[in-house]
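Work through the exercises below with the sequence and the model side by side. Each task is followed by a stepwise solution.

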Amino acid sequence: MTSPAPRSLFQRLWGNPYLLLVLAVSFWAGNAIIGRAVHGVVPPVGMAFFRWIGASLIILPFAWPHLKRDWAVAASGWRWLAVLAACGIGAFNTFLYIGLQYTQAINSLLMQSAIPVLIVVLSFVVFRQRISAFQGIGTLVSLTGVLLIITAGHPERLMALDLNRGDLWVLAAVAAYAVYSVFLQKRPAMHPLGFVALTFVIGTVMLAPFAAWEAWGSGRAMDWGHPYTWMAVGYVSVFPSIFSYLCFNRGVELLGANTAGLFIHLNPLFGSLLAIVFLGETFALHHGLGMALILGGIFLANRRAKARHG
């Protein structure tokens, strides 16, 4: 009997939803930080628009053979492609960048932590997908870890958060990404590269009139002479766009939206670690405790998923 050929490194990675989801969130971690850091230099809609132009130009040469092969499938599923592109590409990051013009990154990270909970609610309302006891307990434990990190171990800080119109934009972004995650199961049966590339292009087209209004109507054009503009657009075009969307979509495909969405709780954890490494912040006890709770919650929630998909 001939033994099966060993799988390549890519095949092993592509079949490991847990590692893929960790990678997706790690690439996303810097998105809110960069969006807030350059909010006075780079306009929000322009940031999103040129992000997706850059991502589309990079990925299209690799996705083109798959797009040609799957074009008929894509054409028959154009409605779901439009919905997913509008929510996950056009709305989510644009709303987030607009919100970061007016609110602090800590508010953004806190509200993004509601995405896994909202995914569970929408999955039940739309598809009647119930969660197991382990998933429910794991979600609560993980969310507790998020709050511990964000409040630095002082829960009373939640009462002191200054909510403003930027927070409403971030909440709209949270809702858009939850819808995107839940309805990924309706996406056409296309190659992952082709699907991601096509949603990038559709989302870019949707953003074009809003980017034009921002540049000429409101007077906030992209300042391409500023080095921060190139650095910010370059980062968000590659890591939180191409890599993260490929990894997250595959994670949802393998585990389902409820379980995959819980990994978004790693976002503030990775954001804190980035601040420690690059901004010189100190690793404190609440970071360690929060990390333990987040990882423990994800482990609990994935016990049932491992049994189903292992």
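**Exercise 1. A salt bridge and its two partners**

Task: Classify Asp70 as buried or exposed, then find which residue it pairs with in a salt bridge.

Solution. The model is a predicted one.
- Step 1. Asp70 has 8% relative accessibility. Buried means under 20%, so Asp70 counts as buried.
- Step 2. The salt-bridge partner of Asp70 is Arg69, with the closest N and O atoms 3.2 Å apart.
- Step 3. Arg69 has 56% relative accessibility and therefore counts as exposed.

**Exercise 2. A salt-bridge network**

Task: State how many salt bridges the structure holds, and determine which residues are linked in a network.

Solution.
- Step 1. The structure holds 3 salt bridges.
- Step 2. Arg187 pairs with Glu253, the closest N and O atoms lying 3.5 Å apart. Arg187 sits in the loop between α10 and α11 (192-217), and Glu253 in helix α12, so this pair ties together parts 66 residues apart in sequence.
- Step 3. Glu253 also forms a salt bridge with Arg250, at 3.1 Å between the closest N and O atoms. Both Glu253 and Arg250 are in helix α12, 3 residues apart, about one turn of the helix.
- Step 4. Arg187, Arg250 and Glu253 are thus linked in a network of salt bridges.
- Step 5. Check burial. Arg187 is buried, at 18% relative accessible area. Arg250 is buried too, at 15% relative accessibility. Glu253, at 45%, counts as partly exposed.

**Exercise 3. Packing of two helices**

Task: Describe how α10 and α12 pack, and place Ser181 in that contact.

Solution.
- Step 1. Helix α10 covers residues 165-182 and helix α12 residues 227-255. They pack at an angle of about 55 degrees, with axes 10 Å apart.
- Step 2. That angle makes α10 oblique to α12.
- Step 3. On the α10 side the contact is made by Tyr177, Tyr180 and Ser181. On the α12 side it is made by Tyr245, Phe248, Asn249 and Val252.
- Step 4. Take Ser181, in helix α10. Ser181 counts as buried, at 1% relative accessibility.
- Step 5. Leave aside neighbours within four places in sequence. Ser181 is then in contact with Ile119, Phe248, Val252 and Ala257.

**Exercise 4. Two buried helix residues**

Task: For Ile89 and Gly30, give the helix, the burial and the contacts.

Solution.
- Step 1. Ile89 lies in helix α5, residues 78-99. Ile89 is at 0% relative accessibility and counts as buried.
- Step 2. Not counting residues up to four places away in sequence, Ile89 touches Trp52, Leu84, Thr199, Phe200, Gly203, Leu207 and Tyr245.
- Step 3. Ile89 and Met206 are 117 residues apart along the chain, with their C-alpha atoms separated by 9.2 Å.
- Step 4. Gly30 belongs to helix α2, residues 17-37. Gly30 counts as buried at 7% relative accessibility.
- Step 5. With neighbours within four places left aside, Gly30 is in contact with Tyr235 and Leu274.
- Step 6. Gly30 and Phe239 are 209 residues apart along the chain, and 9.3 Å separates their C-alpha atoms.

**Exercise 5. Helix α7 and the loop after it**

Task: Identify which residues make the nonpolar surface patch, then examine Arg128.

Solution.
- Step 1. Val117, Val121, Phe124, Val125 and Val126 make a nonpolar surface patch of about 360 Å².
- Step 2. Val121 is in helix α7. Val121 is partly exposed, with a relative accessible area of 42%.
- Step 3. Arg128 lies in the loop between α7 (115-127) and α8 (133-151).
- Step 4. Phi of Arg128 is near 55 degrees, which is positive although the residue is not glycine.
- Step 5. Exposed means over 50%. Arg128 has a relative accessible area of 55%, so Arg128 is exposed.

**Exercise 6. The whole chain**

Task: Summarize the secondary structure, burial, contacts and surface of the protein chain.

Solution.
- Step 1. The chain has 15 helices and 0 strands.
- Step 2. Of its 310 residues, 49% are buried.
- Step 3. Consider contacts between residues at least 6 apart in sequence. Of these, 89% join residues at least 24 apart.
- Step 4. The chain exposes about 14700 Å², and carbon and sulfur atoms supply 71% of that area.

Note on methods: Residues numbered from 1 in each chain as written. Predicted model: local features only at pLDDT ≥ 70, side-chain atom pairs only at ≥ 80, totals over all residues. Heavy atoms only, no water. Helix = DSSP H or I, 4+ residues; strand = E, 2+ residues; numbered from the N terminus. Buried < 20%, exposed > 50% of the residue type's maximum accessible area, 1.4 Å probe, protein only. Patch = residues over 30% accessible without salt bridge, like charges linked within 9 Å, V, L, I, M, F, W, Y side chains within 5 Å. Areas by Shrake-Rupley, 256 points an atom, 1.4 Å probe, with all protein chains shown as cover. Salt bridge = Lys/Arg side-chain N within 4 Å of Asp/Glu carboxyl O. Axes fitted to C-alpha atoms, helices over the stretch in contact; angles between N-to-C directions. Parallel < 35°, antiparallel > 145°, perpendicular 65-115°, else oblique. Contact = heavy atoms within 4.5 Å.
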